[in-house]
Amino acid sequence: GADEALDDTSIGTTFVTRDSADGLAVLPLVAALYSMDGSFVSLLNVINEIILCKDRLSRQHSAFRVGVAYHIECDVSIGQLQYSSEVPVFFDLYLLDESSGSSILHPIPVLIENYINERGERVNQGSDAGQWQLVKRFFLYENVYTGSGQIRIATRMQLIVRLNSDGNIFPPYLRIHYDVVNNAAEASFGVSYLQGQMSFDLGMGITTAILSVAAFVYVGFLANGYMRRSGTFFCEPKTFIYLIVQSCYYLATVMFVVLVFGCTFWLLFFKIQSTLITTLLSESQEVVFEALLGLSFSFQVLYVVWLLWFQSQVEIFLLDWERPRGNQTGKTGAENSVTMAPVSIWRTYFIANEWNEIQSLRKINPVLLLFLVTLILQVLGFGNLATRDPRVEFFPSEEDYVADHSQIIRFSLTALSFLFTAVLLRVYTVWVYERFIEHKTQQFVDLCSVSNVSIFIFSHMRFGYYIHGRSPHGQADTNMKEMCRNLKNEAEGLCSGRGLLAESEEQLFSVALTAKFREEYNRILSPINAQRAEGNAVRGVRGQQSSQTSGGVSEESVKAYKDMNTFLASFIDHSLAGLDWVVKDKLLLEMVFGLELYDPVDRCFFYIDKGSFSFTSVIFYGNEWSLLLFDILLFAIVDLIAQNYVLAAIITYMVGWVSS
């Protein structure tokens, strides 16, 4: 049968990808030429005689170089062929094997794709090689005038080379598709190297399954922590949504890791091999890769959308520690009255403005990252390594044949360029920029201390973050002379530290809240929430009376702000009966999994941050990996579609700009 002929293992020649004495770097094809009456004409070494599309000889020399996925297309003029003076020739194709010391010609079978047997069946279009009907002889085109003005031509020709073992191959076979045309035709010729992909698919599937199970277990731990923080139960919709979103995120990460390692394997082993050991997957075999990449990107898009929504739902309160300094005199009717001087709101406004500015701050500059990645791939020529041939050339000559790009290697180069550049930029940011130039998150914390403003960040119903910005000097709304004196005293250690506890510098905390604290917090906000609901119900009705003061802020909001400021300040000062807090260090397991193992019952827990800036988890700065993964996958998807690194960088930048 056909499968027996194709699985013959008698070819002993060792094939190599680079010229050496260890084997052949060019397929030794020999063609026997026959005339129309079947008479033998000659025997020749094939260079480009069986290729209808002609190109520079230097390029077509690459057609039969070992490991090169060659492909060429062209438009063929039927009139030129029909009236050509060349006599039609039939070919028998052979592979020369001299490994045994003598010359042996192994016939190369021919598979005519649109062959129809005596029962009218197109047996050669199926995938079952046992049903194929192979032939030995073929032709490129007819040029014998028949009066119909039509000729038969080989419009598609593909030489298939299958790997057997290290350096050895099975007998190649030639796939041909003939068409009858009367004007012009598009012709193509290619050489493909195939290797069984079952092990690749199986390895990718097993690895993805194992890591996915681990991811689901980890998401289970996270869901337990989420229920503690939100005060919800497993059966509630919010918990299910959280489970789905987190599962999507970690599945996207798992698929990305599997793709990076799998594709890098193909990149390294295919490009550095000297003996033909492995070959790239064909375009039709890249379905698994494309499916994993598409799923990973889809999951990550869902997670990023949820992340943006989550950050928009965070509740933030700026606690002003400033107290009035002195009294002011005013008139109430006809009488003079003495009241306490008001505290300026501008410091609080300034802190709020700075908070808005750092919300889109990232650990790695995305513009610089995209610029450097594009520089590496496009300008430095690393993108040229994605060709479907074993050569390693950063700047191939125009005289040489350049094979099509492999999507697998192209993704590997993209991901490695992103990760390598991101690591370098992060090292520079940590060790140089944030140390010697500016550390924006630390500067924000320092600004809170100078402004005498603390920040409560409630990311969940019963969990949040606290930035202790209480000034050790007691006052911040002062003149420049007094401010400079205060900072000098602080630098010389003549005053207490900025920390929450006495003689401490710890200003950053994660906070686990009791149910009683949340109830009191909601009670203070209830007038604002009720007014907001009422305003939504009557919005757009003209003539509606409003209790708003000038500037569009209602009296209820002003009163609620004062009450909340008093409540939180009293809470920090341990002045509320039944509402207290204690400072704790997180356990190792709590730090590893990012959750809390104990519920606060009678006291809130303030977990020391130890310089990790955990409050940044509610802004871009604390979600760098999630955003970096989204950038890589978006860049890869655009490049997969457009095959253009520059366009991928531009679209990735635009999407990042819109999201920020």
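Here are a few questions and answers about this predicted model.

Reader: Hello! How many helices and strands does the protein have?

Author: Welcome! Helices and strands are counted as DSSP runs, with at least four residues for a helix and at least two for a strand. On that basis the protein has 16 helices and 18 strands.

Reader: What radius of gyration does the protein have, set against a compact globule of 660 residues?

Author: Let's start with the extent of the C-alpha trace, which spans about 130 × 60 × 50 Å along its principal axes. For a compact globule of 660 residues, a radius of gyration near 26 Å would be expected. The protein instead has 37 Å.

Reader: What share of the residues count as buried?

Author: A residue is buried when its relative accessible area is under 20%. Applied to the 660 residues of the protein, that cut-off gives a buried share of 45%.

Reader: Which strands stand at the edges of the open sheet of 5 strands, and why is one side of each left without a neighbour?

Author: Happily, the strand order helps here: β3-β10-β8-β9-β6, with mixed pairing. A strand with a single partner has one side left without a neighbour in the sheet, and so it is with the two edge strands, β3 (70–77) and β6 (110–112).

Reader: Which residue in β9 is the bridge partner of M157?

Author: Strand β8 covers residues 151–162 and β9 covers residues 173–181. These two strands run antiparallel and are joined by 9 bridges. In β9, the partner of M157 is I176.

Methods
Residues numbered from 1 in each chain as written. Predicted model: local features only at pLDDT ≥ 70, side-chain atom pairs only at ≥ 80, totals over all residues. Heavy atoms only, no water. Pairing = 2+ DSSP bridges. Rg over C-alpha atoms; globule rule 2.2 N^0.38 Å. Buried < 20%, exposed > 50% of the residue type's maximum accessible area, 1.4 Å probe, protein only.
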